[in-house]
Amino acid sequence: MERLSFLHKAERRAGGRRPMAIVGVVASGNLEVLVERVLPSTECVVEIATTAHGFGEVWRAVVADFVERRSPGGLKFSINDGGARPDTVALRLAQGARTIEIDTL
Amino acid sequence: MTDWTREREARDARIAAGRAFADGKVVARESAKALLEVIIRPGDRVCLEGDNQKQADLLAEALARVDPDKVHDLHMVQSGIVLPAHLDVFDRKIARRLDYAYSGPQAGRIAKMLFGGQIALGAVHTYLELFARYFVDLTPQVALIAAVSADREGNLYTGPNTEDTPTVVEATTFKNGLVVAQVNEIVDRVPRVDIPGDRVHFVVDARKPFYVEPLFTRDPGAITETQILTAMLAIRGIYAEYGVQRLNHGIGFNTAAIELLLPTYGERLGLKGKIATRWALNPHPTLIPAIESGWVQQIHCFGSEVGMDDYIRARSDIFFTGPDGSLRSNRAFCQTAGLYACDMFIGSTLQIDLEGHSSTVTTSRIAGFGGAPNMGSDARGRRHPSAAWLQAGREADPDRAPALRRGRKLVVQIGETFGEKNVPLFVEQLDALALAEKLDLDLAPVMVYADDVTHIVTEEGIANLLLCRSRDEREQAIRGVAGYTDVGRGRDAGMVRRLRERGVIRRPEDLDIDPLDADRSMLAARSIKELVQWSGGLYRPPSQFRNW
């Protein structure tokens, strides 16, 4: 298991008031994302535990683009990755950011 | 004194020789090989019917068993290299030269044989291009075709899978060639006459159905959320944006996802009746929910699809059917329809380079072209306007006087940035170039040329190449949707940002696409079984697609 952590400045606070959300599943080629509203509103942290080693640079790029496009200020993302492709990772992060914005689901 | 009728006399002599194995026109399947040995001469151009769907399989196997001392140096001119027998004729030195269009299932073996020099390759064509050459410089002396049934006069019923047959017969019979048909059965009266009997010289009673590959069946169960996201991007950013009414789809999962999103996502966007109403398309099972929901007005087909015949028969307002009620397909006409009367082609590919050239060739596999380069190209002879075509032309050339400005066909490549086995879709250089060098070909086998491609869609967004004004912009637009592939990570972030501001690149969030909609629950059918339910039980999927 490889552990990675990225800290970013975010332009804006993520919308909504929900404290927590979960998207995805732990499975091969997939990932589970736990989103928690626990940080100052201009910070974003993404922590990754992955079974696939040696992809740190790709994770760094995916996370940086995600923060730039979605501005998820105040959110901490904890990822449990089963070796998902970058497209799946990017989609799950976006889904996590959207889910916590929606106050009633 | 010039003899102007030598071809006809030669044909008559072959027919006379073949009669030894026939009762009238009818030949028993056991005599097929002996028949071929007397009617085919060394050096003949032979069309062995077979494309990406139907196959004259019995005649292919018979040809592969003829005595190479009697029949050799043939020049095969045929749509598909699909069955093992199609290559066995080269292994056994019965055939030497090859001009063809499609070789999907034999992609690995044909590559080895081309590298090994067992096949002298003329060219890899599109279907329509090969058909055109049948009438100019690749006219067959002998055509070996497949039909469902024949009467004793040789009238043929080719049925739902008519496909290439009328074209092959036209080119062969009317230029003094000889036509042999394998048929599933001999009947007193055919359900409808697809090929008149005076164009057919021998009928081989195969006593079994000819083979048909279910190439256009995509199991909705295998569609991923990323593919759904690309499909939503295409619907909002291209179909709705240009108001695309008339179109053709490729066979990939991304376009299958689009078909299954029309009655759900498309409906929600209020697009019913405004997009995707008229099609040049095989009867894709994944289009059933859209048809049943009233999205589709008309479909003309290249061929049929296994299991769809009863459904088509019951939906004759949508499909082209004969007096007997069954589908009449025609590949040449449908390819022409796709070229001249469709405003969009959208399909998947294996490799896209930095200019936008795309190819399905890899270093060890040569799958050929089929119809995609024809569908996926701008028809320079087109003269009728449509809103979508004019809008694309305006984007490409905004400064020209409108009355003198050509429109443009929308040619869209769609796929995930990483394909099967995590192979990147985007490459610095196509494998097709290495192949052309290795085989000493004048042309690299490019599926869709860069100057025909108008849009590239991935999960990262849409690159609108019509709006690019320089080579640099084009390269950065492509890199900008190439995600986390090496090509994507090599992008110039500043330039990509500016291209996005101009709408050259549009991300899902620019098109108001909610990532939470990229969910399988959005598909109108999530399994083959649900497609059967949508069809009211009329769709009968082949056994390999039944898991219940």
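In what sense do strand 3 and strand 5 of chain A pair, and over how many bridges? I started there: strand 3 (residues 31-37) and strand 5 of chain A run antiparallel, with seven bridges between them. For my own record, two strands pair if DSSP finds at least two bridges between them. Strands here are DSSP runs of E with at least two residues, helices are runs of H or I with at least four, and both are numbered from the N terminus.

Before going on, I noted that this is a predicted model, where local features need pLDDT of at least 70, side-chain atom pairs count only at pLDDT 80 or more, and totals for chains, interfaces and linings use all residues. Residues are numbered from 1 along each chain as its sequence is written, and chains are lettered from A and ligands numbered from 1 in the order in which they are written.

**Strand 5**

I picked out one bridge from strand 3: A:L31 has A:D81 as its partner in strand 5 of chain A. Strand 4 (residues 43-50) of chain A is parallel to strand 5 and is joined to it by seven bridges. There, A:A49 has A:N80 as its bridge partner. Between strands 4 and 5 the chain passes through helix 1 of chain A, and I logged this β-α-β crossover as left-handed. (Right-handed would be a clockwise path from the first strand over the helix to the second, with the strands pointing away from the viewer.)

Next I checked the side chains of strand 5 (residues 75-81), and they alternate. A:L75, A:F77, A:I79 and A:D81 point to one face and are buried, while A:K76, A:S78 and A:N80 point to the other and are not. Buried means 20 or more other C-beta atoms within 10 Å of the residue's own, exposed means 12 or fewer, and partly exposed is in between, with C-beta atoms placed from the backbone.

**A:C44**

I then looked at A:C44, which sits in strand 4 of chain A. A:C44 counts as buried because it has 25 C-beta neighbours inside 10 Å. Its C-alpha atom is 5.2 Å from that of A:H8, though the two are 36 residues apart along the chain. Beyond four places in sequence, the contacts of A:C44 include A:H8, A:V67 and A:L75; a contact means C-beta atoms, placed from the backbone, within 7 Å.

**Chain B side**

Last, the interface: 13 residues of chain A are in contact with 17 residues of chain B. Helix 2 (86-101) of chain A is one of two helices that each supply at least two residues of that side, and helix 2 gives the most, with eight.

Notes:
Contact = placed C-beta atoms within 7 Å.
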